[in-house]
Amino acid sequence: AQNVVSARPGYYMKLQMDNYGTMGRYAYPEGEASALNAGKVGLEYPIGEPYEHLFGSGVWIGGYLDTSRVGTSPPIRGVSLSYEGWSGPFHEFFPGTSTVEDVIWKGGVGISKPAGWDSAWLNPSKGGSLRYDPIADDERYMRYRDNRRVDRHISLNLEVVQRVYAWNSPYAEAIMIMEYTFYNRGVKKIDSVFVGFFFEADVGPIRAPGRWWERNFTGYSRDKYTAYIHNPADRGSTPAGVALLSTNGLEPDTNLSLAFRWFAGSATPPDDNGKYAMMSSNRIDGEEPGLSDSRFIFSFGRRRPGPFVLQPYSQTRDSLRIAVAIVSGYDPAGNHVRTMLRNAGRALEIYKNRGIRLPPTPPSPPLKIDVGFRRVTLNWTWTPQDSVGGRDGSPEANWDKDSRVARRYANRIAPPYPPNITADSGGGRNFEAYKIWRSESPGKFNATLGVWEPPPITTYTLVKQIDVPADSFEYNQGYGRGPNGEYRFDGLLPDVFVDSNLVRGKVYWYSVTSKSIPNLVPQTIVINGQPQTVEVPIEPLESGLYENTRRIELPFSVSKQYGEVAVVPNPYRVDKNYTFESGGYEGLTDNWNETKRVVKFINLPERCTIRVYSLTGDLVKTLEHDGTTEGFLRGDREITLLSDSNRALASGIYIFTVESVLGLQTGKFVIIR
């Protein structure tokens with residue numbers, strides 16, 4: 001089985017993976033070469049952009065194991081891996097042979113428990129203890145073992161249970177958390193255990209000329225425990241890395257033996273002895289000085305109070321749990337690595353401080369759009385019946401029990417209180433601002449789901465911000481105050497915005513997000529040898545840009561009198577570019593083909609019948625137009641340059657008629673091939 005994590009519309013990053021433990025382009029069933037030719041990528045961020053981030057990656061685990069069947073013998077160094085990518089075998093873990101085991105299970109908040117879950121994951125005979133209690137928007141669960149004979153590989157009798165967590169939220173837009181639980185299914189202990197992550201990224205734009213995967217460099221952040229690869233040469237590329245979050249429930253610290261080694265593919269150790277030596281080297285390489293097609297192994301074991309030892313599960317119920325995050329980052333100023341390392345810190349906060357839960361971000365408000373002549377009116381008035389993104393409650397009433405800053409403002413802790421909140425709950429309302437976003441990118445139509453997918457977040461620009469006026473945060477551009485000049489958190493902010501002077505026939509995407517005030521968290525630091533607690537600022541939170549995003553194709557006006565219908569472009573020339581990027585109507589360049597050639601009839605009556613004839617009088621196309629089906633009047637209609645029998649219209653002059661209550665209008669347009 002193979003799967004893509006976070007591929008639903010609205011997510012920011014998606015990752016291809018299989019239940020052999022492999023992640024990246026190599027996990028596509030048809031193989032990486034054909035996947036690349038099809039324009040597929042292994043790790044896509046931001047979604048919708050043609051940038052590769054991960055050719056192949058997987059977990060390595062190694063240790064000392066006595067392999068004798070009778071008595072004892074000196075232990076050997078063994079390493080089991082889920083992806084290697086050079087000398088082979090490329091993976092040594094395999095899913096089970098039963099239907100229950102050979103599958104990737106999918107779950108998430110708001111997703112019902114999959115059928116058969118309890119028998120698969122709560123089965124005592126399999127050591128099952130995984131209850132279905134989703135905590136992320138998108139989750140995957142799988143298990144695999146290294147108990148098959150593979151060339152040169154000695155099995156360590158390991159079973160791995162892997163859990164993957166992803167969120168539809170800008171706070172975690174470039175974060176996927178992976179939990180690996182290792183079980184020793186053999187009868188002898190595995191000593192001096194090291195766990196590593198092999199990362200072969202190949203970062204770059206897949207349509208760039210030349211060998212873009214050779215324009216990468218590798219680096220490591222000691223304070224964020226994050227190894228990464230970036231492409232600084234090809235504009236638009238964003239980095240990819242792996243951040244260590246936890247080993248057996250403990251944050252990474254000086255008790256660990258860490259190794260970060262980058263190398264060319266040909267330098268990959270060919271046997272288990274060499275792989276284990278690299279993982280256990282306790283060596284941190286410096287940043288790669290030049291650009292290459294390098295890869296890395298980032299590994300960790302324990303020094304104090306002693307190395308990790310994995311005892312047989314059947315005897316001790318022992319296991320080893322490791323958590324990492326796959327991270328990326330986008331910075332408008334171009335410092336993508338800095339943003340990626342910020343996201344690595346967020347991943348640790350999500351995992352440790354909040355139990356793999358996001359902080360209480362104010363939800364996006366409901367968004368309604370009215371369309372007028374070259375303008376749209378956005379209305380995000382909240383009512384008790386509204387729910388956006390599966391979250392109930394007014395953004396302005398959002399309560400953060402952990403907000404130390406909100407507690408300092410009387411109006412943020414005054415009644416009325418949200419459900420399950422009292423005066424003693426702690427924290428307060430953390431809402432601060434509404435932000436209005438617009439993208440002029442058309443997005444892509446997902447034929448499988450039958451929906452338009454919103455364009456990447458990088459295409460959205462901030463049109464306006466409206467914020468709470470009675471505090472020291474943001475710009476104080478809102479209005480609406482109580483009798484004493486205070487803001488009362490009861491919907492007094494303006495909730496309507498008119499965007500005017502727009503272009504007819506053009507596609508616009510709109511979103512209104514909610515932003516919080518910043519927060520403070522206590523942190524212990526050492527000053528003059530003495531530990532002291534200080535308050536460290538935490539950046540504001542913002543709701544998901546995709547939670548309420550809406551697509552509007554701004555219509556041409558409906559004709560109210562005879563003779564106003566026209567065709568654009570006219571003439572239609574096949575040597576011209578009419579894609580969206582060039583101001584036309586034929587879709588995006590990267591998925592355009594001959595069947596998407598279109599002309600647009602504009603200034604149509606409200607309801608009419610359009611007929612197209614060849615110059616010899618043959619009827620080649622008939623369409624019924626109803627401009628009242630979208631909640632506003634539409635006076636335009638696209639027509640593909642295909643006949644009703646699905647044949648391409650030849651070069652020449654075509655006659656059209658538009659029949660309506662206004663009469664029968666005739667006209668002509670020209671196709672030049």
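Trainee: Which residues does threonine 339 touch, not counting residues up to four places away in sequence?
Mentor: Start with its place: threonine 339 sits in helix α5 (residues 336–353). Helices (H or I, at least four residues) and strands (E, at least two) are DSSP runs, numbered from the N terminus. Contact means heavy atoms within 4.5 Å. Beyond four places in sequence, threonine 339 touches Ser328, Gly329, Tyr330 and Asp331.

Trainee: What kind of model is this?
Mentor: Residues are numbered from 1 along each chain as its sequence is written, and side-chain values use heavy atoms, leaving out hydrogens and water. Local features need pLDDT of at least 70, side-chain atom pairs count only at pLDDT 80 or more, totals for chains, interfaces and linings use all residues, and the model is predicted.

Trainee: Is threonine 339 buried or exposed?
Mentor: Learn the classes: buried means under 20% relative accessible area, exposed over 50%, partly exposed in between (1.4 Å probe, protein chains only). Threonine 339 has a relative accessible area of 9%, so it counts as buried.

Trainee: Which side chains of strand β21 (residues 375–379) point to the buried face?
Mentor: The side chains alternate along β21. Arg375, Thr377 and Asn379 point to one face and are not buried. The buried ones on the other face are Val376 and Leu378.

Trainee: Which residue in β30 stands opposite valine 376?
Mentor: Two strands pair if DSSP finds at least two bridges between them. β21 and β30 (residues 496–500) pair antiparallel over five bridges. In β30, valine 376 faces aspartate 499.

Trainee: And in β21, what is the bridge partner of valine 371?
Mentor: β20 (residues 368–372) and β21 also pair in the antiparallel sense, over five bridges. They form a hairpin with two residues between them, and arginine 374 in the turn has a positive phi of about 55°. The β21 partner of valine 371 is valine 376.

Trainee: What is the order of the open sheet of three strands?
Mentor: The pairing in this sheet is antiparallel. Its edge strands, β1 (2–5) and β3 (43–44), each pair on one side only. Two bridges join β2 (residues 14–18) to β3. The order is β1-β2-β3.

Trainee: What is the relative accessibility of asparagine 646?
Mentor: Asparagine 646 has a positive phi of about 70° although it is not a glycine. Most residues other than glycine have a negative phi. Asparagine 646 lies in the loop between β40 (636–640) and β41. It counts as exposed because its relative accessibility is 59%.

Trainee: The peptide bond from asparagine 570 to proline 571 is cis; what is omega near?
Mentor: Most peptide bonds are trans. Proline 571 lies in the loop between β35 (566–568) and β36 (572–573). For the cis bond from asparagine 570 to this proline, omega is near 10°.

Trainee: How many salt bridges does the structure hold?
Mentor: A salt bridge is a side-chain nitrogen of Lys or Arg within 4 Å of a carboxyl oxygen of Asp or Glu. One joins glutamate 200 and arginine 295 (3.1 Å, N to O). That pair links β11 (residues 190–200) and β17, 95 residues apart. The structure's salt bridges number 34.

Trainee: Aspartate 575 and arginine 573 meet in a salt bridge; what is the distance, N to O?
Mentor: Aspartate 575 is exposed because its relative accessible area is 54%. Arginine 573 has 32%, so it is partly exposed. Their side chains meet, N to O, at 3.1 Å.

Trainee: With which side chain does the side chain of glutamate 606 make a polar contact?
Mentor: Glutamate 606 is in the loop between β37 (598–602) and β38 (607–614). At 27% relative accessible area, glutamate 606 is partly exposed. A polar contact is a pair of N or O atoms within 3.5 Å; within protein, one must be able to donate a hydrogen and the other to accept it, and residues adjacent in sequence count only if both atoms are side-chain atoms. At 3.3 Å, the partner of glutamate 606 is arginine 607.

Trainee: How far apart in space are glutamate 606 and lysine 560, C-alpha to C-alpha?
Mentor: Lysine 560 is among the contacts of glutamate 606 beyond four places in sequence. The two are 46 residues apart in sequence. In space, C-alpha to C-alpha, the distance is 8.1 Å.
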